[in-house]
Amino acid sequence: MIDIHSHLIWGVDDGAQTIEDSLAMLRVAAETGTTDIVATPHANDRYEFDRAELETRVEKLREASGGTPRIHLGCDFHLSFSNIESALANRDLYTVNRLRYLMVELPEMLIPPGIDRALEHLQDAGMIPVITHPERNRALSEDVKRLDHWIGIGCYAQITAQSLEGRFGRTAKNLASRWIEGGQAHFVASDAHDMEARPPRLDRAFQMIAEKHGEAEAQRLLQDNPQHVLDGTELPYARRSPRAGKRRLRFFK
Ligand SMILES: [Fe+2]
């Protein structure tokens with residue numbers, strides 16, 4: 001399995017605090033069947049995103065862990081004005097493996113009116129926004145059609161593995177199931193922060209999805225689609241509106 005959302009780099013956000021924490025998280029990921037994991041440190045008002053420093057830490061982790069699981073670098077990109085400006089000026093700074101997919105975290109309490117436009121701008125600059133854990137967003141849970149709209153304009157959605165177990169409450173659990181059932185979920189990832197409360201494991205989610213929605217669906221959400229994120233390639237089915245497709249053709253080489 002491939003985990004596209006985790007806070008495993010030590011000392012840079014509210015995830016792992018020491019290199020030992022990071023290595024312990026990597027061990028758990030490997031032991032529970034994760035072959036590749038994307039480190040996605042927060043970039044927001046509280047945590048600075050220094051890609052060069054993060055690359056150095058990833059390299060240290062690769063050496064210390066022996067290369068299993070493989071580690072990739074992305075960002076947990078908060079949709080603030082300054083972040084958006086920065087991403088538009090540096091289109092590969094925040095994306096997974098400096099390719100196309102951008103993990104986007106929405107403000108939790110209120111979805112500002114400019115969000116739709118911001119998501120379009122990011123796509124026009126060549127990025128593919130992945131809305132992280134929409135099922136845990138309170139504002140979105142009261143206005144679920146917004147997610148359909150964003151998917152319609154070319155975004156994807158990533159569900160948190162533990163939401164399926166009820167870790168984030170009944171609403172998140174129900175929405176996660178509903179969106180998987182309805183085809184609005186494209187990825188499931190751990191969003192791991194530590195070893196206890198939010199560990200980097202996907203095995204239980206795989207099993208739950210396989211039982212409820214079929215093994216092919218689990219494979220799609222936890223392996224096949226995430227592989228496209230690592231490679232920066234399009235998911236194998238079209239969900240984009242013709243308008244979004246046209247915009248993308250203009251901006252991609
Ligand atoms: Fe996160």
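## Terms and overall form

A residue is called buried here when its relative accessible area is under 20%, and exposed when that value is over 50%. By this cut-off histidine 7, with a relative accessible area of 1%, is buried. The structure described below is a predicted model, and every value given for it is computed from that model.

The protein holds ten helices and nine strands. Its radius of gyration is 17 Å, close to the 18 Å that the globule rule gives for 253 residues, so the protein is as compact as a globular protein of that length. Taken along the principal axes, the box filled by the C-alpha atoms is roughly 45 × 40 × 35 Å.

Of the 253 residues, 57% count as buried, while the accessible surface comes to about 11000 Å², with 50% of that area belonging to carbon and sulfur atoms. Among the contacts with a separation of 6 or more, 76% are accounted for by residues 24 or more positions apart in the sequence.

## The iron site

The iron ion is coordinated by two histidines and two aspartates, namely His5 and His7 through their NE2 atoms and Asp76 and Asp191 through OD atoms, at 2.1 to 2.4 Å. Along the sequence these donor residues follow the spacing H-x1-H-x68-D-x114-D. The angles among the four donor atoms run from 81 to 171°, and the site is irregular.

Histidine 7, already described as buried at 1%, is joined in that class by histidine 5, which counts as buried because its relative accessibility is 0%.

## Helix α6 and the loop before it

Helix α6 spans residues 145–152, and its buried residues are Arg146, Leu147, Trp150 and Ile151. Seen down the helix axis, these buried residues fall within an arc of 140°, so they line one face of α6. An α-helix has 3.6 residues a turn, so residues three or four places apart point the same way. The cover over the buried residues of α6 includes the helices α4 (115–124), α5 (138–141) and α7 (170–182), together with the strands β7 (128–132) and β8 (156–160). Just after α6 comes glycine 154, which takes a positive phi of about 115°.

Valine 144 lies in the loop between α5 and α6, and this residue is buried, with a relative accessible area of 17%. Leaving aside residues up to four places away in sequence, valine 144 touches Leu175, Arg178 and Trp179. Valine 144 and proline 134 are ten residues apart in sequence, and their C-alpha atoms are 8.9 Å apart in space.

## Helix α8

In helix α8, which covers residues 203–213, the buried residues are Ala205, Phe206, Ile209 and Ala210. Viewed down the axis of α8, they fall within an arc of 130°, so these residues line one face of the helix. On the other side of α8, Glu211 and Lys212 are exposed.

The buried residues of α8 pack against α7, β9 (187–189) and α9 (215–231), and α7 is also included in what covers the buried residues of α6. Glycine 214 follows α8, and its phi is positive, near 100°.

Technical notes. Residues are numbered from 1 along each chain as its sequence is written. This is a predicted model: local features need pLDDT of at least 70, side-chain atom pairs count only at pLDDT 80 or more; totals for chains, interfaces and linings use all residues. Side-chain values use heavy atoms; hydrogens and water are left out. Buried means under 20% relative accessible area, exposed over 50%, partly exposed in between (1.4 Å probe, protein chains only). Helices (H or I, at least four residues) and strands (E, at least two) are DSSP runs, numbered from the N terminus. The arc is that of the directions from the helix axis to the C-beta atoms. Contact means heavy atoms within 4.5 Å. Donors are N, O and S atoms within 2.8 Å of the metal (3.2 Å for Na, K and Ca); water is not among the atoms, so sites may look incomplete. Four donors count as tetrahedral if all angles lie between 85 and 135 degrees; four count as square planar and six as octahedral if opposite donors are over 155 degrees apart and all others between 65 and 115; anything else is irregular. The radius of gyration is taken over C-alpha atoms; the globule rule is 2.2 Å times the number of residues to the power 0.38. Accessible areas come from the Shrake-Rupley method with a 1.4 Å probe; for residues, only the protein chains shown count as cover.
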